[in-house]
Amino acid sequence: MNGRFFCFILLIAVCFGSCKNTVSKETVLHEEKQGSQRPNIVFIFADDLGFADLGFTGSDTHLTPNLDKLAKESVYFDHAYAAHPTCAPSRMAIMTGKYPARLGAVSHGKLGGVAHPGPGDNGLPMTETTIGEALKKEGYTTAHIGKWHIGKGENNPGTRGFDVDIASNEFCCPGSYMYPFESNNEKQRVASKIPDLEDRKPGDFLTDALAEEAVKFIHSTDDKPFFLNMSFYAVHTPITAIPQKVEKYKRLIGPDARQKNPTYAGLVEHFDDAVGAILEALEKKGIIDDTIIVFTSDNGGEILNGITDNFPLRDGKGSSYEGGTRVPLLVKWPGVTQANTVSHERIIGFDYYPTFLSMAGASPDLHDIDGRDFSPLLKNPREKLEERDLHWLKYLSLIHYRIPIADNKRCFETVVSGDWKLHEYFQMPDGYKQHFELYNLKDDPSEKNNLANKFPEKVQELKLKMESWKKDIGAPVYDMEKFYGHIKI
């Protein structure tokens with residue numbers, strides 16, 4: 001009996017070793033291919049696109065066939081976060097791999113007493129190495145198309161590591177999505193005008209034009225690997241779509257729909273059309289299997305004026321609640337990722353920096369960044385990231401200071417630690433009182449049941465984590481009188 005048992009164990013060992021060797025051989029072949037031909041990276045970045053704005057994330061209105069198809073070919077991260085609930089700080093995190101607060105970026109625009117060390121424009125600090133610069137050093141051709149919003153003048157994509165810079169204005173958004181892509185507002189006309197598209201004609205739509213520029217760039221590439229930072233202005237205001245799309249959604253939207261804005265639905269469809277054009281160009285060029293595609297958004301969807309609904313998440317852009325920071329994330333890495341899979345790991349905006357470099361086969365010194373390389377999750381869906389806390393810090397910029405102050409404009413600090421999420425809202429000059437809110441995200445992902453009074457010890461524990469984090473990164477200290485004391489109520 002012992003002999004038979006020994007033979008059985010030996011047989012298992014042999015079979016296991018054989019299977020193990022087969023997997024290792026496939027892995028080696030893939031790594032050899034990557035070593036000789038590093039992958040292209042196409043980063044498709046939406047502006048203000050909400051967690052529930054797409055077919056595959058549960059939209060009850062928007063039609064997004066191209067992104068839905070991409071989702072079936074990708075790993076979908078259903079707990080991905082933006083590093084800030086507003087545009088500019090979120091984008092700085094992606095460009096640098098660092099917490100926005102570490103860069104002094106705690107407000108969406110200028111704020112008295114809090115200034116980034118950029119050239120007087122509250123932009124991306126010139127001392128930081130961008131992901132464009134880092135990949136360029138690794139031999140990549142780098143291109144930025146579309147929204148920049150993290151610098152003006154000499155602090156632009158062309159000076160921050162991108163060989164190609166197309167259609168990046170010096171404003172938060174386009175003056176118009178319709179040609180000539182400029183505002184009727186005289187104060188905003190120059191800053192909001194989209195450059196490099198002067199050859200377009202009346203009737204042309206901006207999102208389509210940006211996709212056309214991306215297609216031209218893709219077809220112009222050679223054997224050298226490239227990084228395309230495809231940064232759409234859509235779906236940021238001014239909410240616009242061509243009349244045919246608006247009319248279509250007026251017919252499609254039912255009385256019980258949560259997302260009821262036909263113009264916004266049309267703009268989302270414009271964005272999806274543009275994604276489809278880029279994917280088609282990669283196919284026609286014959287490089288789709290040599291290209292990593294990453295898709296996400298810079299922050300949660302805008303819910304003001306009925307633009308969208310981030311259900312089941314609470315609130316939207318600018319808010320500390322999940323609807324302000326949770327975003328869709330897809331990654332398709334041919335030969336590596338498994339199609340139509342889901343990861344529940346928490347990924348955040350500054351994680352792209354080390355991950356893109358890892359994808360490119362680089363091994364730079366990353367000791368001073370906050371992001372984590374999540375490429376092991378792409379290679380093995382069962383992998384887990386080491387447990388970590390995630391933090392957000394937002395103060396209200398002066399350009400958005402309006403009385404009455406909207407709830408999503410409040411100043412706050414937030415930490416997610418395990419299943420728990422603590423919000424601290426700061427006192428503001430309109431009589432708003434400092435207070436805490438505590439939620440268990442596992443039991444209450446919609447953040448409806450405030451447990452701060454029930455678990456004061458947990459509040460204190462997480463508050464200490466907040467204070468320690470701010471000290472560690474040198475975050476700007478909240479000062480109500482300094483920031484807002486000069487404003488008349």
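# A tour from Lys110 to the core

At 48% relative accessibility, Lys110 counts as partly exposed, since buried means under 20% relative accessible area, exposed over 50% and partly exposed in between (1.4 Å probe, protein chains only). The model is predicted: local features need pLDDT of at least 70, side-chain atom pairs count only at pLDDT 80 or more, and totals for chains, interfaces and linings use all residues. Residues are numbered from 1 along each chain as its sequence is written, and side-chain values use heavy atoms, with hydrogens and water left out.

Select Lys110 in the loop between α3 and α4 (131–137). Helices (H or I, at least four residues) and strands (E, at least two) are DSSP runs, numbered from the N terminus. Add Ile399 to the selection: 289 residues separate Lys110 and Ile399 in sequence, but their C-alpha atoms are 7.1 Å apart in space.

**The largest pocket**

Ile399 also leads to the next stop. Along with His108, His149, Cys172 and His400, Ile399 lies nearest the centre of the largest pocket, which 47 residues line. A pocket is an open set of points on a 1 Å grid over the protein atoms alone, with protein on both sides within 12 Å along at least five of seven lines; a cavity is a set where a 1.4 Å probe fits but cannot get out, and lining residues have an atom within 4 Å of a point. The volume of this pocket is about 1,100 Å³. Its lining has 22 polar, 15 nonpolar and ten charged residues.

**The largest cavity**

Now show the enclosed spaces. There are three cavities of 30 Å³ or more, and the largest has a volume of about 70 Å³. Select its lining: Phe45, Arg91, Ile94, Met95, His144, Lys147, Trp148, Ile150, Asn229 and Ser231. Helix α3 (87–96) and strand β5 (226–231) each supply at least two of these residues, and α3 has the largest share, three residues.

**Helix α8 and the core**

Select residues 262–285. This is α8, with 24 residues and a reach of 35 Å from first C-alpha to last, close to the 34 Å expected at 1.5 Å a residue. Of its 24 residues, 17 are buried, so α8 is largely enclosed by the rest of the structure. At the N-terminal end, Asn261 acts as a cap, with a side-chain oxygen 3.0 Å from the backbone nitrogen of Thr263. After the helix comes Gly286, whose phi is positive, near 80°.

Which residues touch the most other members of the largest nonpolar core? They are Leu49, Leu210, Ile218, Leu228, Phe271 and Phe295, out of 51 residues in that core. The largest share of this core, ten residues, comes from α8. A nonpolar core is a set of buried Ala, Val, Leu, Ile, Met, Phe, Trp, Tyr and Cys residues joined through side-chain atoms within 4.5 Å.

**Gln259 and Gly323**

Step back to Gln259, in the loop between α7 (243–252) and α8. Is Gln259 buried or exposed? At 3% relative accessibility, Gln259 counts as buried. A polar atom of the Gln259 side chain lies 2.9 Å from the backbone oxygen of Ala52. The side chains of Gln259 and Thr308 are joined by a polar contact of 3.5 Å.

Finish at Gly323, in helix α9 (residues 322–325). Gly323 is buried, with a relative accessible area of 2%. Its C-alpha atom is separated by 5.5 Å from that of Gly300, 23 residues apart along the chain.

Terms used
The expected span of a helix is 1.5 Å times one less than its number of residues. A polar contact is a pair of N or O atoms within 3.5 Å; within protein, one must be able to donate a hydrogen and the other to accept it, and residues adjacent in sequence count only if both atoms are side-chain atoms. Grid points are joined across faces, edges and corners, and a volume is the space filled by probe spheres set on the points. Ala, Val, Leu, Ile, Met, Phe, Trp, Tyr, Cys and Pro count as nonpolar, Asp, Glu, Lys and Arg as charged, and the others, Gly among them, as polar.
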